[in-house]
Amino acid sequence: MRTQVAIIGAGPSGLLLGQLLTRQGIDNVILERKDPAYVRARIRAGVLEQGTVGMLEEAGVADRLHREGLVHDGFSLAFDGRNHRIDLRALTGGKTVTVYGQTEVTADLMDARAAAGAVSIYEAGDIELHDFGGDAPRVSYTKDGVRHELACDFIAGCDGYHGVARKSVPEASISLFERVYPFGWLGVLADVPPAAHELVYANHADGFALCSMRSPTRSRYYVQVPVEEKVEDWSDDRFFDELRRRLPQEVADGVTPGPSIEKSVAPLRSFVAEPMRFGRLFLAGDAAHIVPPTGAKGLNLAASDVRYLFDAFAEYYREHSSAGIDGYSARALRRIWKAERFSWWMTTMLHRFPADSTFAQRIQLAELDYVAGSVAASTAVAENYVGLPY
Ligand code: RFL
Ligand code: PHB
């Protein structure tokens, strides 16, 4: 089999890149390790930047998003018993974010890909990348016990943090930058009305808490826990008691406890791989970088990588120019490092670090008080949260 772009991974970055390429008439094949039902069931991010929404529009998959997504003009920072609103719209000259689950984005992209008749090979095992340093790269994989080979012009490694693409690069050609945080997020999804109309990020002496949502009838909540914490030790009652304890009274009063439909612990990590291009292999999304979820940037960064990579491929096939391809890594990394900084900063300001002194906790509260009292500092938070320009 032969294609123009071989895409590894059917997460949001692979599916979005594939959809944009297909609409541009650029042939592509997606190879995914898991089955479609597994990919559809993964519950992850929930907040989309305006730029991400714009790309989903460009990909022709934003109808349901516009019907069901919730446009948010602001969010709150809760600390010291207070609840301070960051007015995103007012502070950024009219920009907003949209609450729409990654699960829904994935489902919309998978449906559009099926409707377009583009080729996706699910349950493709033992993927190996070959000859991406030269002009004729190939990808081999096993499907139903048979080994296959896909020849291509380019390989897009969209296979997430644990994927094979980044690991195929010789160690001497790649630099890795990493910070692992000594805690995780215990997340619960429940079919109960959200505690508040907008998201609430809470700093509490016992740890961070977040009130989010998926719809007017579905809530998504998180509490900071030690990373080795067992989900089995957290009954729904224990979870909701802990959540409410970490919120200001007025927000806690709005929490409706209910049976969880999903409960899991996610570790927090900051990670960047440089560069993001190795000959004819390009990394995009979590394959190249991870942010802690505190800034809601993971999925949005995957989309901005795809913005740059799609433009580069379109330029190559339309204008026979390699300029976009040559500039991809540097362009993407400039935006990535700023999102890494913001996510690290939000995480540092809002979480309880086990090794921290009471001095560090007072500094956190002073920082939050400063942000709340300063238009300049609030504006910096707002313009990062809605997403920096591409
Ligand atoms: P994904 O979504 O990880 O998709 C990668 C795809 O590649 C497949 N794959 C392979 N396919 C073939 N061969 C291999 N060897 C393969 N190895 C892997 C995988 O099965 C998968 O289908 O990466 P992508 O597309 O770059 O998208 C990135 C986003 O998914 C990610 O940034 C966010 O979900 C991060 N994230 C969160 N971000 C937020 O903004 N807010 C959140 O609340 C939030 N929660 C999360 C998260 C990520 C999590 N991970 C990665 C474990 C919660 C979790 C649990
Ligand atoms: C979510 O709704 O899952 C969510 C929202 C905001 C974040 C992280 C996760 O910063």
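# A tour of two ligand sites, one helix and some outlying residues

Begin at Glu 32, where a polar side-chain atom lies 2.6 Å from an oxygen atom of ligand 1. Such a polar contact is a pair of N or O atoms within 3.5 Å; within protein, one atom must be able to donate a hydrogen and the other to accept it, and residues adjacent in sequence count only if both atoms are side-chain atoms. The model is predicted: local features need pLDDT of at least 70, side-chain atom pairs count only at pLDDT 80 or more, and totals for chains, interfaces and linings use all residues. Residues are numbered from 1 along each chain as its sequence is written, chains are lettered from A and ligands numbered from 1 in the order in which they are written, and side-chain values use heavy atoms, with hydrogens and water left out.

**Ligand 1**

Stay at ligand 1 and select Gln 102, which has a side-chain N or O atom 2.7 Å from an oxygen atom of the ligand. Next select Leu 299: here a polar backbone atom is 3.5 Å from an oxygen atom of ligand 1. On its own, ligand 1 exposes 1000 Å², and the protein buries 84% of that. These areas come from the Shrake-Rupley method with a 1.4 Å probe; for residues, only the protein chains shown count as cover.

Now show the whole shell. It holds 28 residues, of which Ser 13, Glu 32, Arg 42, Gln 102 and Asp 286 come nearest; a residue is near a molecule or strand if one of its heavy atoms lies within 4 Å of it. By class the shell around ligand 1 has 12 nonpolar, eight polar and eight charged residues. In this division Ala, Val, Leu, Ile, Met, Phe, Trp, Tyr, Cys and Pro count as nonpolar, Asp, Glu, Lys and Arg as charged, and the others, Gly among them, as polar.

**Helix H9 and the residue after it**

Select residues 298-319, which form helix H9. Helices (H or I, at least four residues) and strands (E, at least two) are DSSP runs, numbered from the N terminus. The 22 residues of H9 should span 32 Å at 1.5 Å a residue, and its end C-alpha atoms are 31 Å apart, which agrees. The expected span is 1.5 Å times one less than the number of residues in the helix. H9 is mostly covered, with 16 of its 22 residues buried. Buried means under 20% relative accessible area, exposed over 50%, and partly exposed in between (1.4 Å probe, protein chains only).

Step on to His 320, which follows H9 and is found in the loop between H9 and helix H10 (323-350). Its phi is near 55 degrees, a positive value in a residue other than glycine. His 320 counts as exposed, at 70% relative accessibility.

**Ligand 2**

Move to ligand 2 and select Tyr 201, which has a polar side-chain atom 2.7 Å from an oxygen atom of the ligand. In Ser 212, a side-chain N or O atom is 2.6 Å from an oxygen atom of ligand 2. Ala 296 takes part through its backbone, with an N or O atom 3.4 Å from an oxygen atom of ligand 2. The accessible area of ligand 2 on its own is 280 Å², and the protein covers 97% of this.

The elements that give two or more residues to this shell are strand E15 (209-215) and strand E16 (218-225). E15 gives the most, with three residues. In all, 14 residues surround ligand 2, and the closest are Tyr 201, Ser 212, Arg 214, Tyr 222 and Pro 293. The shell around ligand 2 divides into eight nonpolar, three polar and three charged residues.

**Backbone stops**

Select Glu 274 and Pro 275, which are joined by a cis peptide bond with omega about -10 degrees. Pro 275 is in the loop between strand E17 (260-274) and strand E18 (277-278).

Then go to Asp 144, in the loop between strand E10 (138-143) and strand E11 (146-151). Asp 144 is not a glycine, yet has a positive phi of about 50 degrees. At 69% relative accessibility, Asp 144 is exposed.

**Cysteines**

Counting a disulfide as a pair of cysteine sulfur atoms within 2.5 Å, the model has zero disulfides. Select Cys 152: the nearest cysteine sulfur, that of Cys 158, is 12 Å away, too far for a bond. Cys 152 is buried, with a relative accessible area of 1%, and Cys 158 is buried at 4%.

**Last stop**

Finish at Gly 373 in helix H11 (residues 358-373), which is exposed with a relative accessible area of 69%. Measure from its C-alpha to that of His 84: the two residues are 289 apart in sequence and 9.4 Å apart in space.
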